Amino acid sequence: MHLYDGHFGGMHLIWWIIWIILIAWIFFIPADIPYQKTKKESPLEILKKRFAKGEISKEEYEESVKILKSEN
């Protein structure tokens, strides 16, 4: 009896707000989701990082680059 005289009119608005927030959350979530598959680094990229950190010497780096390039 009281369904259409304005007592429950605000509930319709609340559901629209919930849907808009849900859709916005789905489309605008951050790109770095935990447990998301990440791009696998190539051996050459790993080698470059190790050289940049100083873990390997220049000679080791150059030798490893030659080996990696000869395999491809």
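**Exercise 1. Find the pattern of elements along the chain.**

Solution. Read this predicted model along the sequence. The pattern is α-α-α. Now count by type. The chain has three helices and zero strands.

**Exercise 2. Determine how confidence varies in the chain.**

Solution. Start with the whole chain. Its average pLDDT is 80, and 71% of the residues score at least 70. Next, go to the helices. Confidence is lowest in helix α1, residues 9-27, with a mean of 81. Confidence is highest in α2, at 93. Keep one caution in mind. Where pLDDT is low, the predicted coordinates should not be read in detail.

**Exercise 3. Work out how α2 and α3 are oriented to each other.**

Solution. Take helix α2, residues 43-53, and helix α3, residues 58-71. Their axes come within 10 Å and cross at roughly 175 degrees. Angles over 145 degrees count as roughly antiparallel. Therefore α2 and α3 are roughly antiparallel to each other.

Then list the residues that meet. From α2 come P43, L44, L47, K48 and F51. From α3 come K58, Y61, S64, V65 and L68. Sort this contact by class: seven residues are nonpolar, one is polar and two are charged.

**Exercise 4. Locate the SHOCT domain and describe its span.**

Solution. An unreviewed UniProt entry places the feature "domain: SHOCT" at residues 43-64. Check the secondary structure there. The span is 82% helix and 0% strand. Now compare its ends. The end C-alpha atoms lie 10 Å apart.

**Exercise 5. State what share of the chain is buried.**

Solution. Take the 72 residues of the chain. Buried residues make up 6% of them.

How values were computed. Residues numbered from 1 in each chain as written. Predicted model: local features only at pLDDT ≥ 70, side-chain atom pairs only at ≥ 80, totals over all residues. Heavy atoms only, no water. Axes fitted to C-alpha atoms, helices over the stretch in contact; angles between N-to-C directions. Helix = DSSP H or I, 4+ residues; strand = E, 2+ residues; numbered from the N terminus. Parallel < 35°, antiparallel > 145°, perpendicular 65-115°, else oblique. Contact = heavy atoms within 4.5 Å. Nonpolar A, V, L, I, M, F, W, Y, C, P; charged D, E, K, R; others polar. UniProt positions renumbered as here; feature names shortened; annotations may be inferred. pLDDT = per-residue confidence, 0-100. Buried < 20%, exposed > 50% of the residue type's maximum accessible area, 1.4 Å probe, protein only.
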